[in-house]
Amino acid sequence: MNPFPEEISSKIFSKLPVKSVLRAKRWSRVTRDFIRDLTCNPTFVDEHMKFSSQRNPNLILTDTICRGKGNIRNSLYFVQDEETPDQYSCHKVNLEIAKFQEFRVMGSCNGLICLVHPTNRYEICICNPCTGEHIKIPPPVSMEDIPGHIVVGFGVVPMTNKYKVVGIIDFREPSDFIVLRQKVFVYTLGDTTWRFKDNTSVLRLLGQSACKAFVNGALHWVSNSRQIVSFDMDTEELDIIPRPQLELGSGSFSLRSFKGKLLILNTSFPDRIEIWVMNDYRVVESWTRIFTINEQQIGRNIRDVEIVCFLEDWEVLMVYNHRALLRYNLRMASVSELSGIDGLPNRFDAVAHVGTLVSPLLGREAEM
């Protein structure tokens, strides 16, 4: 029997990590039924998500295994901050999706991740790696339309909690197989079809990188012409966000977010990374260079370092050479390697992730 009133029990469980909430299902039939009812309650799921978002982000890792004859399989791993100094745990995610053994993580939002097949990039799946729930998204266009590359973004409308997938697709002009034009398609989870958005006038041919900056209710990418392109998830409008005068040369920069602000990582230098923050969204004068990470401070080749996410107290998590996790204190200019993590794959990519109970199904049945 539950020794606490339901309201108190709900408050307790809303402050636990997803792993602990789901483990409680195994305690007894009573707790199993109680947890089942909780996780179906949108108010509880939202409260749990808000509390989880206040913690340092965790990581989703992907590795690639070649099994001969071109048979490639990706695996997911969940790396969790144990909230003790430099203590992390890693466990493999048992995610079985039919005909989706090979994928890339193209975005993470409120515990849901967007997976895209690396060769057939019109195969898209949204899943919650903590609960195992997933749903496949229908292709945005018919292959008879001869589409080219696709850039995929995933995010949420903060005021309505509507989750959307954005597909920006290259098409070649019928009269000229060299000239490219891009079209934007939007899919809202819970719908059955994509919607075409005729608002591509500001597009500047986006690259193939994942969107790693969801700020102010908008996705952000760096275009091939090194402009910042945003897509507002509510209005579904594209725009150009002004960037500071950066010393780029032949290099470029990438985008991240921290505490609701847009950050630029200027990686165009051979020996350092500059970090810029936009203190007031869309105000170009508010861009400020706040930190510079020098190669000698890291003690490793800066070209092999990727900043994954920002933690509290101006610390960052980094991946070095796809093989090691580093924790770097920007103020102290000190670095430590996160070693001794059992189950860590030999080679991996990483994205920031918050473990939640948010379901990608939204009233629909999971595809098996």
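**Entry 1: helices α1 and α4**

I looked up how helix α1 (residues 6–14) and helix α4 (residues 42–53) lie against each other, and their axes come within 9 Å and cross at roughly 40 degrees. I keep in mind that this is a predicted model. Angles under 35 degrees count as roughly parallel and 65 to 115 as roughly perpendicular, and α1 and α4 are therefore oblique to each other.

I then noted which residues make the contact: S10, K11, F13 and S14 on the side of α1, and F44, E47, H48 and F51 on the side of α4. Sorted by class, this contact of α1 with α4 holds three nonpolar, three polar and two charged residues.

**Entry 2: helix α3**

Which residues of helix α3 (residues 29–39) are buried? I found T31, D33, F34, I35 and L38. For the background I wrote down that an α-helix has 3.6 residues a turn, so residues three or four places apart point the same way. What covers the buried residues of α3 includes α1, α2 (18–23) and α4, and I had already met α1 and α4 as a pair whose axes come within 9 Å.

**Entry 3: an open sheet**

Next I traced an open sheet of four strands, which has the order β3-β2-β1-β24 and antiparallel pairing. Its edge strands are β3 (88–93) and β24 (349–353), each of which pairs on one side only. Neighbouring strands in this sheet are turned against each other by 25 degrees on average, with direction ignored. As a reminder to myself, strands of a sheet pair through backbone hydrogen bonds, either parallel or antiparallel.

I followed one pairing in detail: strand β2 (residues 72–81) runs antiparallel to β3 and is joined to β3 by six bridges. Within this pairing, Y77 stands opposite K92 of β3.

**Entry 4: N58 in β1**

I picked N58, which is found in strand β1 (residues 58–66), and asked whether N58 is buried or exposed. With a relative accessibility of 11%, N58 counts as buried, because buried means under 20%. Leaving aside neighbours within four places in sequence, N58 is in contact with F78, V79, Q80, D81, V351, A352, H353 and G355.

**Entry 5: salt bridges**

How many salt bridges does a search of the whole structure find? The search gives 16, and I examined a few of these pairs.

One of them links D37 with R36, with the closest N and O atoms 3.6 Å apart. D37 is partly exposed at a relative accessible area of 47%, and R36 is also partly exposed, at 43%.

Another joins the side chains of K197 and E236 at 3.3 Å, N to O. K197 belongs to strand β11 (residues 195–197) and E236 to the loop between β14 (228–232) and β15 (238–241), so this pair ties together parts that are 39 residues apart in sequence. E236 is buried, with a relative accessible area of 4%.

A further one is formed by E306 and K212, whose closest N and O atoms are 2.5 Å apart. Since E306 lies in strand β20 (residues 305–310) and K212 in the loop between β11 and β12 (214–215), the parts tied together here are 94 residues apart in sequence. Both partners are partly exposed: E306 has a relative accessible area of 24%, and K212 has a relative accessibility of 32%.

Finally, I noted that salt bridges with shared partners join K164, R195, K197 and E236 into one network.

How values were computed
Residues are numbered from 1 along each chain as its sequence is written. This is a predicted model: local features need pLDDT of at least 70, side-chain atom pairs count only at pLDDT 80 or more; totals for chains, interfaces and linings use all residues. Side-chain values use heavy atoms; hydrogens and water are left out. Two strands pair if DSSP finds at least two bridges between them. Helices (H or I, at least four residues) and strands (E, at least two) are DSSP runs, numbered from the N terminus. Axes are lines fitted to C-alpha atoms, for helices over the stretch in contact, and angles run from 0 to 180 degrees between N-to-C directions. A salt bridge is a side-chain nitrogen of Lys or Arg within 4 Å of a carboxyl oxygen of Asp or Glu. Buried means under 20% relative accessible area, exposed over 50%, partly exposed in between (1.4 Å probe, protein chains only). Angles under 35 degrees count as roughly parallel, over 145 as roughly antiparallel, 65 to 115 as roughly perpendicular and the rest as oblique. Contact means heavy atoms within 4.5 Å. Ala, Val, Leu, Ile, Met, Phe, Trp, Tyr, Cys and Pro count as nonpolar, Asp, Glu, Lys and Arg as charged, and the others, Gly among them, as polar.
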